[in-house]
Amino acid sequence: MFDVPFWLWIAFAATVVVSLAVDLLAHRSAHVIGFKEAAAWSGLWVSLALVFGATVFLVLGPTAGTEYTTAWLLEKSLSVDNLFVFALIFAYFKVPRAYQHRVLFFGVIGALVFRGIFLAAGVAVVNRFTAVLFAFAAILFYSVYKILKGEEESFDPGKSFAVRLLRKVIPVRDTYAGPKFFVKEAGKHVATPLLAVVAAIEAADLIFAVDSVPAVLAVSDDTFIVYTSNAFAILGLRALYFMLSGLLDRFHYLSKGLAIILGFIGVKLILQATHKIVSPSVPEIPSPVSLAVIVVVLAVSVFLSLRRPPDTDDGDTGGPGEEVLTSPEHKNVK
């Protein structure tokens, strides 16, 4: 655990709050976000993450700086799967492109809260019961198996627990009402489909946390490192989604790359646990090596995806947010 000065926590919180406020003001009017705007925002989020990483390096030392960078890049790479799910959710609920940023904005806020809870709990459990690292490794290996076998769990937005719970709490109308989450009908407040979409986004993040939390805890068991790296990776998700809108299917080798990364992290967890429980003579994988492996695997996956484009069929290839899911059950929220 690193001796993190209180002012660094304050600096992190202030950066997140100010950034979210600026983002909200910049997108206060609903509009379709194009590639240039998304690329500019993506560059801003990446720059903020790297500047904060440099601050961590200078204040807490090179070990903390390397762990932060590794954890941030790992979470950034794992979040690619989130982008595909975002596209699925937007298509399922037929969310107008002008309202998608608003949905993701509130989705990010929820993700920051829930990830903070999960990571804090994970750090506490790991520090108290080191053997749980073996269980975390098993979770990651199972994820690798599902990816390589093409048996990844499908996500049905309409049947997610969060959406079903929302419908029990408040009626959800079938049609949108601009960017509003609630409207008044017959003297009663009802939710619009936009609120159901936010619930589906939150439910998806909870599912991805199953892989993400154990993976990042393999990099560091320091609460500050794991949470700040996750937070900056999550903050940049919206811009990355809109920047890659319509291009996600081209990166078809990324899933295999993520499988390799998760498998590597699983091995790292086993070595860590064995080193601490069985014998100190068992070597651990240093953070610089982990960082190098993640960078190389991601670079090769992207290169191969661009070098060898996927075979295209005559089927629908609509981008995120377009009405690509056209079966009858996708037409209504209720």
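Which helices do the buried residues of α2 pack against? They pack against α1, α3, α9 (223–235) and α10 (237–243). The legends below start with an overview, then turn to that helix and on to other spots in this predicted model.

**Figure 1. The whole chain, with its twelve helices and two strands.**
Follow the sequence from start to end and you get the pattern α-α-α-α-α-α-α-β-β-α-α-α-α-α. Of the chain's 334 residues, 49% count as buried. Take the contacts between residues at least 6 apart in sequence: 79% of them join residues at least 24 apart.

**Figure 2. A look along helix α2, which has 26 residues.**
From its first C-alpha to its last, α2 reaches 37 Å, close to the 38 Å expected at 1.5 Å a residue. Its buried residues are Ala-38, Trp-41, Ser-42, Trp-45, Ala-49, Phe-52, Gly-53, Val-56 and Leu-60. An α-helix has 3.6 residues a turn, so residues three or four places apart point the same way. Just after α2 comes Gly-61, with a positive phi near 110°.

**Figure 3. Helix α1 (residues 6–26) beside helix α2 (residues 35–60).**
The two axes come within 12 Å and cross at roughly 175°. That makes α1 roughly antiparallel to α2, since the angle is over 145 degrees. On the α1 side, look for Trp-7, Leu-8, Phe-12, Thr-15, Ser-19, Val-22, Asp-23 and Ala-26. They meet Trp-41, Trp-45, Leu-48, Phe-52, Thr-55, Val-59 and Leu-60 of α2. Sorted by type, the residues of this contact are eleven nonpolar, three polar and one charged. Trp-41, Trp-45, Phe-52 and Leu-60 of α2 turn up among its buried residues too.

**Figure 4. Helix α3 (residues 62–78), largely enclosed by the rest of the structure.**
How many of the 17 residues of α3 are buried? The count is 14, so this helix is largely enclosed by the rest of the structure. End to end, α3 reaches 24 Å from first C-alpha to last, close to the 24 Å expected at 1.5 Å a residue.

**Figure 5. Where α3 packs with α11.**
Here the helices pack at an angle of about 140°, and their axes are 10 Å apart. α3 and α11 are therefore oblique to each other. Their crossing is left-handed. α3 brings Leu-74, Ser-77 and Leu-78 to the contact, while α11 brings Leu-258, Ile-261, Leu-262 and Ile-265. That gives six nonpolar residues, one polar and no charged.

**Figure 6. A close-up of Leu-258 in helix α11.**
Is Leu-258 buried or exposed? At 2% relative accessibility it counts as buried, because the cut-off for that is under 20%. Leaving out residues up to four places away in sequence, Leu-258 touches Ser-77, Leu-78 and Asp-81. Ser-77 and Leu-78 are also part of the α3 side of the contact with α11. Leu-298 is 40 residues away from Leu-258 along the chain, yet their C-alpha atoms are separated by 7.8 Å.

**Figure 7. Helix α8 (residues 193–219) against helix α11 (residues 254–277).**
Now for another partner of α11: α8 packs with it at an angle of about 55°, with the axes 9 Å apart. So α8 and α11 are oblique to each other. This crossing is left-handed. From α8, the contact uses Pro-214, Ala-215, Leu-217, Ala-218 and Val-219. From α11 come Leu-262, Ile-265, Lys-268, Leu-269 and Gln-272. Together they divide into eight nonpolar, one polar and one charged. Leu-262 and Ile-265 also take part in the contact of α11 with α3.

**Figure 8. Two lysines in loops, Lys-94 and Lys-180.**
Lys-94 sits in the loop between α4 (80–92) and α5 (100–128). What is the phi of Lys-94, which is not a glycine? It is positive, at about 50°. Lys-180 belongs to the loop between α7 (161–169) and β1 (182–185). Apart from its neighbours within four places in sequence, Lys-180 is in contact with Thr-192 and Leu-194. Tyr-99 is 81 residues from Lys-180 in sequence, but 9.4 Å away in space, C-alpha to C-alpha.

Note on methods
Residues are numbered from 1 along each chain as its sequence is written. This is a predicted model: local features need pLDDT of at least 70, side-chain atom pairs count only at pLDDT 80 or more; totals for chains, interfaces and linings use all residues. Side-chain values use heavy atoms; hydrogens and water are left out. Axes are lines fitted to C-alpha atoms, for helices over the stretch in contact, and angles run from 0 to 180 degrees between N-to-C directions. Helices (H or I, at least four residues) and strands (E, at least two) are DSSP runs, numbered from the N terminus. Angles under 35 degrees count as roughly parallel, over 145 as roughly antiparallel, 65 to 115 as roughly perpendicular and the rest as oblique. A crossing is left-handed if the near helix is turned anticlockwise from the far one by less than a right angle, and right-handed if clockwise. Contact means heavy atoms within 4.5 Å. Ala, Val, Leu, Ile, Met, Phe, Trp, Tyr, Cys and Pro count as nonpolar, Asp, Glu, Lys and Arg as charged, and the others, Gly among them, as polar. The expected span of a helix is 1.5 Å times one less than its number of residues. Buried means under 20% relative accessible area, exposed over 50%, partly exposed in between (1.4 Å probe, protein chains only).
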